[in-house]
Amino acid sequence: MKNEHKWCSFNEEAQPLTFLQKGPWSTSMGSPWQPILLLSVISGLSDFARAVGARPISYAAVLRMKADSSSSPLSPRWRPRQHHGGTPALSDWPVFATHPHPAASLLGSPEDYRSEESEEFGPVFIQEPDDVIFPLDGDGDNKVMMHCEARGNPPPTYSWYINGTQLDVEADLRYRLVQGNLVLSNASESADLGKYQCRAHNAFGTALSRDAHLQFAYIGAFSGKTRGGVSVREGQGVVLMCTPPPHSPEIIYGWVFNEFPSFVAEDSRRFVSQVTGNLYISKVQPSDVGSYICLVKNTATNARVLSPPTPLTLKTDGVMGEYEPKIEVHFPTSVLAARGVTVRLECFALGNPVPTITWRKLNGNIPKKARLRKSQAVLEIPNIQLEDSGTYECKAENPRGGAAFKGHLQVYTLPQWVRMINDTHMDSGEKLQWECKATGRPRPTYRWLRNGVPLTSQGRVEILNGELTIHKLQPVDSGMYQCMAENKYGAVYSNAELKILASAPVFIPNPVRVIATLGKDVSIECKPQASPKPRITWRRGDRRVQPSKRLMLLRNNTLRITNASRADEGDYVCRAENQLGWAEMTATLWVKEAMRVELSPSRVEVTVGESVVLSCKATHDTSLDVTFQWLFNHKPISFQQAGGHFEYIQTVRAKRSSTVDLMIRSIFLKHAGKYTCKAHTSADTLAADAQLLVRGPPSAPGVVIVEEISDTTATLSWTRGVDNHSPISSYHLQARSPFSLGWQTVKTDPEPVAGDLESAMAVQLNPWVEYEFRVVASNAIGTGDPSAPSRGVRTKEAVPSVAPANVSGGNGRRHELVISWEPVSEEFQNGEGFGYIVAFRANGTRGWKEKMVTSADSTTYKYRDETFPPLTPFQVKVGVYNNKGDGPFSPVVIIHSAEGEPREAPTNVKAYALSASQIRVTWKPPNPGPGRPKGYEVSYWKDTEKEDSGWKQRTSKNETSMVLGGLEGNVQYSVTVKGFNSIGQGPASVAVTAKTRKAPPVQPPRNLLWIQEGNNVSLSWDQVKAKENESEVIGYMVLLKQEGRDHNQVTRTINPSTTLSLPEGGTYVIEVRALSEGGEGAVSSPVRLVTSSGVRAKSGHGSLHVREWNPMWTTLLLLLLVPSASW
């Protein structure tokens, strides 16, 4: 049973493998015997048999591979310090990993990256083992791989632990290391279930991975023992037990009713618990009687097994009366759930009538994200958070009473890092202080490891929760350290390497040159590389430097000289010394004249679109080189990304000065601001500033406010914007509505709006339209950007002022007057309650009839009066109204009443057969008058059937004939014709009949024989004889077509032969059909001819060809060609 369900769940993979394994060799036989010319020796040819081996594929060659752990996202030359975490086995494990790889564990700060080629370091995990659920399917060697990979220099070695005990890979042949990965062969639950941990080690330390759990997925078979039947009264509740077989991990339950795949539908009366697996029926009905089978599915392997059936019958001793609910399924009194998972709480009761389930949270509201499933029997809370904790209650009620159950939901969280440790280099004798901190619920505790061994507080080592302190560091303290934060639901690790440095002082670079400016301060640094820290002394020549007012020794060992002069030039020596050795650095000091920088012009005004040049001149010591840098508003100018507005111009350098220019082209307003020229020498850096003012169009005005609104006006106010150094001359008001094409300038009062105003009125607006307004300012240079739009406001209502346009009409049914018009746009309806007034009167009368049309979208009105004749002229006008009153009418137009549908039927209807499938119908139109047809409809049906079962076809225009196609042969049809127009259909004509001809012959022309002489072909064939139910043959049609050309040549003949002329060289195809009164017969087999362009065969050098060879020809030729003696 288990294997059977396994193949069902893996059907997509298993089927192609099974197919290949059924037969690894395949063979195909040769083609049938083929005649070669007329007298060739007949022989059989067979194909060479080829074998194709089908190599079977292992089931689950790789159990699982996470996309984010298959390779490092970093180059192999660099490594971040790895921080990792782990979780214990959970009841709802997925098939794949439960360990995430947070981004923080893959990306570190720049200080965390180190080159493996240049520096040695301890192990850093790239990939750690993940939780594994391995399916025990009974096939293959049950091979499991636990992944582990680390970087280090030198490369690390690996070992593994299971349940805290080190694995002896050498002694047990079932274990094998592939690089750092552990491969388990013949894995079994009894020997290999548990917690695994990878250990990576090199000369610089040891690191332990997070824990990974190996679990095995399987599902056993139900007991084959027959289950006893369950008998209850109608109306009574019942529980059918599933009793699932042994399994791992979780399973999904379902129930089959009578036979697979008829599943029990869950509703308010029936419930399948995914906790117990049992089927609960709160109130049994006669329709429930039958056989029930429990179906369970393994969530990891998708394998399914079925239980033996449980019969359910009804007792015959009466019907169960009503009784109060009894809760049979409920969630535990205490529910623990990890933050972020989906929690499902079950509650179901038996009772008569069927109970109703309700839920509530005692200490608050049920989360909005919660959903009720299965007729409210399941409360589902997705992505559960700490605030969702609390006491939940389910209540079951019916008219007989109620029952309730309460349980507490508690949310826990795995430890998560708030502060982690990082790689650290320290000197001998210093104090190390590390702190790691994590959050979690319950609050996590901390443990420290050094090279995989637990650390405790003793001697120089102090541990207090997440704080580690080591006093007076020694080289022996170097190694890999791990801080582990854990609670009872999981653990996370933070790794770091501690290196204790010890080296004699070294100066890089050495010697150095320092250039100072005359009269200014200068600093000479002394920064040796040494561990422990060295003692520093300075000397000039052979004298030790003593601090004074001008000479100062700073705490960082820098020598500072104030108000430098020429007398300070010379060599200064810094000496560094520790217990491992000493080193000296020589610094040569030169003092140069001070530099001066001038930038001109220092202030300049330009107009948008103009250009300007700023010139920067630096006067400096002749022995120094100078470089320049341009800044705009304190930021360096990027000449490549400035859009061509800035150009750096280098001028010729003079003896004691250098000059550069900055050209600013096609200036925009955004180019206004402070420009800085910064000059650099090895001795000094100076800067000079210039201010650029740009005149341009005004900036956008400030906030626009609608002060007052009427039906056609709006009073606006705004605040002035920046004039950009040119006074504002005027303002323009713009409006936008749902009916306008973007922003439109509106008329104002006053007109124009002067530049010193900050308020104006927009006039000639449309009533009852929602508007937004904005303001644009102009000055002598141009028009600026518009302000931000105002809030939307609606003008007040008014009487409509626009009448409908294009009033027209006509058509309609008899005695109808149809009036149509173009509706008035909502923009001009001017208020609510908009509608139309339709007024009309017959020509020559006085009084107007008025009808109200209340829909603003209406475009048509129909008036019916059977007293007026067709095509009666009416005077018509259409007006408008709304809640404010009546508006104007349209101009009066003349509209005629409808002429009606056709009144007479077509005449002189005739029908006659064209072939076995076609009948032509002709008729004459009815007499002219009202109700003229716009087209005709032809109805036709078999005489043996009713008219309702027939067919109809309409003319596309006012034609008076039609060919009916697709008919059956030798069948009599009845035909009628009626006219129609836009109003309707007229009466039908008297039915006429026509009989289709017999069908054409189904036998094609046979035994085609042709003689080709040059470009002429003589063709003949056997006559086609029609059967009794077929039309007589009256001739033949020969089709000649050239391959690659669209033109075809058709020849008709009454004889079974013809002569064709091939117009030019090429390949031709000839087909022959019989012709009859019933149409064209079946086509013959095609004949292919090939001729050469411009070449004709000589007379007498023709060739004979037969399309279909008769066996009698073979016998005849054998008698003629083979000597009699050979017989």
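Two strands count as a pair if DSSP finds at least two bridges between them. With that in mind, let us walk through this predicted model, starting with a small sheet where the rule applies.

**A three-strand sheet**

Strand 41 and strand 46 (residues 559-561) run antiparallel and are joined by 3 bridges. Within this pairing, S523 stands opposite R560 of strand 46. The two strands belong to an open sheet of 3 strands, ordered 41-46-45 and paired in antiparallel fashion. Strand 41 (522-524) and strand 45 (551-553) stand at the edges with a single partner strand each, so one side of each has no neighbour in the sheet. On average, neighbouring strands here are turned by 20 degrees against each other, direction ignored. If you look at side chains along such elements, it helps to recall that in a regular strand they alternate between the two faces of the sheet.

Following strand 46 in this part of the chain, we can turn to T562, which is found in the loop between strand 46 and strand 47 (570-578). Is T562 buried or exposed? Its relative accessible area is 17%, so T562 counts as buried, the cut-off being under 20%. Neighbours within four places in sequence aside, T562 is in contact with K520, D521, K549, R550 and M552.

**A hairpin further along**

Strand 80 (residues 972-980) and strand 81 (residues 985-988) also run antiparallel, and 2 bridges join them. Here K978 stands opposite A988 in strand 81. The connection from strand 80 to strand 81 is a hairpin through 4 residues.

**Aromatic rings**

A pair of aromatic rings is described by the distance of the centres and the angle of the planes. The model holds 24 aromatic pairs, counting rings whose centres lie within 6.5 Å. Why is the pair of F331 and W359 called stacked? The ring centres of F331 and W359 are 5.8 Å apart and the planes meet at 25 degrees, so the pair falls under the 30 degrees that stacking requires. This pair links distant parts of the chain, with F331 and W359 28 residues apart. F331 sits in the loop between strand 22 (323-330) and strand 23 (334-338), whereas W359 belongs to strand 25 (residues 356-361). Both residues are buried. Elsewhere, F840, Y861, Y863, F868 and F874 form one aromatic cluster.

Rings also have charged company in this model, as the table shows for two residues lying over a ring face.

| Charged residue | Ring | Distance from the ring centre |
|---|---|---|
| K499 | F204 | 5.0 Å |
| R794 | W768 | 4.5 Å |

**R270 and its surroundings**

Another residue to visit is R270, found in strand 17 (residues 270-272). A polar atom of the R270 side chain lies 3.3 Å from the backbone oxygen of A265. What else is R270 in contact with, leaving aside its neighbours within four places in sequence? Besides A265, the contacts of R270 are V264, Y280, I281, D288 and F348.

**The whole protein**

Stepping back, the protein has 4 helices and 91 strands. Of its 1127 residues, 42% are buried. Among contacts with a separation of 6 or more, 66% are between residues 24 or more positions apart.

Methods. Residues are numbered from 1 along each chain as its sequence is written. This is a predicted model: local features need pLDDT of at least 70, side-chain atom pairs count only at pLDDT 80 or more; totals for chains, interfaces and linings use all residues. Side-chain values use heavy atoms; hydrogens and water are left out. Rings of Phe, Tyr and Trp (its six-membered ring) pair if their centres lie within 6.5 Å; planes under 30 degrees apart count as stacked, over 60 as edge-to-face and the rest as tilted. Buried means under 20% relative accessible area, exposed over 50%, partly exposed in between (1.4 Å probe, protein chains only). A charge sits over a ring if NZ of Lys or CZ of Arg is within 6 Å of the ring centre and within 35 degrees of the ring normal. Axes are lines fitted to C-alpha atoms, for helices over the stretch in contact, and angles run from 0 to 180 degrees between N-to-C directions. A polar contact is a pair of N or O atoms within 3.5 Å; within protein, one must be able to donate a hydrogen and the other to accept it, and residues adjacent in sequence count only if both atoms are side-chain atoms. Contact means heavy atoms within 4.5 Å.
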